Amino acid sequence: MSETGATGAERLPSLWIRTALGVALVVCPAVWWLAGAGVRAGAAAGLAALAAAVPTAVAAHTARAAAREAHRATAAAINAAEEAARAQEQERHQRILHDRVLQIMEMLARGDRRFDTGVRGQVAEEAAWLRDLVETGREREPGNLVAELETLARAFALQHLRVEVNTAGLAAAGNPHDRLPRSHVSALVEATREALTNVVKHAGTDVATIRVNHGPAGLVLTIVDAGRGFDGEPAAGTGLRRSVIGRLTEVGGAVLIESASGEGTSVELRLPIPKQGT
């Protein structure tokens, strides 16, 4: 073999080695880069998933907090409604005791009425009413407003108070009081009862008048006496506050009281009347 051929043969392995090393130097970084790209891609995907999960977790936490707050608000509303119902029932019982039982007892305490058969009849009627209330748990539902007022006038005649009932204005207006709910009739009758009781106790007169009319704002029932009257604001006692103002306010009405010393007193009960068809 020539020298030149031997030299080429000897150089061939070293060429392959250098070539392999060159390829390795090129391929390995490329492989490393590609592997690194995969890691980076995985990390980016993980971060993206984490970024998406955080708002979801926050939203879930906020929803749970809102649900707890809504539950607390609902419980508070239920407790408030129950407390209001208890207070309303207590107010009703206090009115009954004041307007019916206490007033009868005070009437009996005024003077010697042992032989007054009319008073005994009224006491028997009130006792029957009270027994019915105790046994049924309900007040007797009122009837027609005019009939109830006339019955009230007869009851106060037994207490030596002559009550004139004037309802001509209702008939002229087409009897709009027939559209009043029973709760409204009851409020008017019981407020009128208390106003007449105050006449008996404080006015120093034996005559009173009930006038009922219908105007643009609804029904107006006025109790008028020509007794001693008073100056300034009336004393806001239990009867006036609960049995007159309280009753009318609960059914959407209003009360206006006017009086002057020596000129008597006017108690005006105003109450809207539902429109026909409602």
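Guide: A quick definition before we start: a residue is buried when its relative accessible area is under 20%, exposed when it is over 50%, and partly exposed in between. Keep in mind, too, that this is a predicted model.

Visitor: Okay, then is Glu268 buried or exposed?

Guide: Glu268 sits in strand E5, which covers residues 265-271. Its relative accessibility comes out at 18%, and since the cut-off is under 20%, Glu268 counts as buried.

Visitor: Which side chain does the Glu268 side chain join in a polar contact?

Guide: Away from its sequence neighbours, Glu268 touches Val220, Leu221, Thr222, Ala254, Val255 and Leu256. The polar contact, though, is with a residue nearby in the numbering. It has a length of 2.5 Å, and the side chain at the other end belongs to Arg270.

Visitor: Let's go to the strands around it. How many bridges pair E3 with E5?

Guide: Leu221 stands opposite Leu269 in E5, which gives you one place to look. E3 and E5 pair in the antiparallel sense, and the number of bridges is 7.

Visitor: And which residue of E3 is the bridge partner of Arg211?

Guide: Strand E2 (residues 207-215) runs antiparallel to E3, with 8 bridges joining them. The two form a hairpin with 2 residues between them. For Arg211, the bridge partner in E3 is Thr222.

Visitor: How many of the 8 residues in strand E3 are buried?

Guide: E3 spans residues 218-225 and pairs with E2 as well as with E5, as we just saw. The strand is mostly covered, and its count of buried residues is 6.

Visitor: What about E4 and E5: which residue in their hairpin takes a positive phi?

Guide: E4 and E5 run antiparallel and are joined by 6 bridges. Ala254, for instance, stands opposite Arg270 in E5. The hairpin has 5 residues between the strands, and the one with a positive phi, near 80°, is Gly262.

Visitor: I'm curious about Ile257 in E4. How many Å apart in space are Ile257 and Val267, C-alpha to C-alpha?

Guide: Ile257 is in strand E4, residues 254-259, and it is partly exposed because its relative accessible area is 22%. Its contacts beyond four places in sequence include Phe230, Pro234, Leu240 and also Val267. Ile257 and Val267 are 10 residues apart in sequence, while their C-alpha distance is 4.6 Å.

Visitor: Past E5 there's Ile273. Why does Ile273 count as buried?

Guide: Ile273 belongs to the segment after E5. Its contacts, setting aside residues up to four places away, are Pro176, His177, Arg179, Leu180, His214, Gly218 and Leu219. One of these, His177, is 96 residues away in sequence yet 7.1 Å away in space, C-alpha to C-alpha. Ile273 counts as buried because its relative accessibility is 14%.

Visitor: Now the hydrophobic bit. Which element gives the most to the largest nonpolar core?

Guide: That core has 33 residues, and Leu196, Leu219 and Leu269 have the most contacts inside it. H3, H5, E2, E3, H6 and E5 each supply at least two of its residues. With 9 residues, the element that gives the most is H5.

Visitor: Which residue in the segment after E5 does Leu219 touch?

Guide: Leu219 has a long contact list, including Leu145, Leu170, Leu180, Leu188 and Val212. From E5 itself, Leu269, Arg270 and Leu271 are among them. In the segment after E5, the residue Leu219 touches is Ile273.

Visitor: Back to H5: how many Å apart are its end C-alpha atoms?

Guide: H5 has 22 residues, so at 1.5 Å a residue it should span 32 Å. The residue that follows H5 is Gly204, with a positive phi near 70°. The model agrees with the expected span, as the end C-alpha atoms of H5 are apart by 30 Å.

Visitor: Zooming out, in what order do the elements of the chain run?

Guide: The secondary structure comes to 6 helices and 5 strands. Of the contacts with a separation of 6 or more, 70% are between residues 24 or more positions apart. From the N terminus on, the order is α-α-α-β-α-α-β-β-α-β-β.

Visitor: Last one: what does the pLDDT of the chain average?

Guide: Some stretches score low: residues 1-9 stay under 50, with 1 contact beyond four places in sequence. Residues 30-34 are also below 50, again with 1 contact beyond near neighbours. Across the chain, 56% of the residues score at least 70, and the average pLDDT is 75.

Notes
Residues are numbered from 1 along each chain as its sequence is written. Side-chain values use heavy atoms; hydrogens and water are left out. Helices (H or I, at least four residues) and strands (E, at least two) are DSSP runs, numbered from the N terminus. Buried means under 20% relative accessible area, exposed over 50%, partly exposed in between (1.4 Å probe, protein chains only). A polar contact is a pair of N or O atoms within 3.5 Å; within protein, one must be able to donate a hydrogen and the other to accept it, and residues adjacent in sequence count only if both atoms are side-chain atoms. Contact means heavy atoms within 4.5 Å. pLDDT is the predictor's confidence in each residue, from 0 to 100. Two strands pair if DSSP finds at least two bridges between them. A nonpolar core is a set of buried Ala, Val, Leu, Ile, Met, Phe, Trp, Tyr and Cys residues joined through side-chain atoms within 4.5 Å. The expected span of a helix is 1.5 Å times one less than its number of residues.
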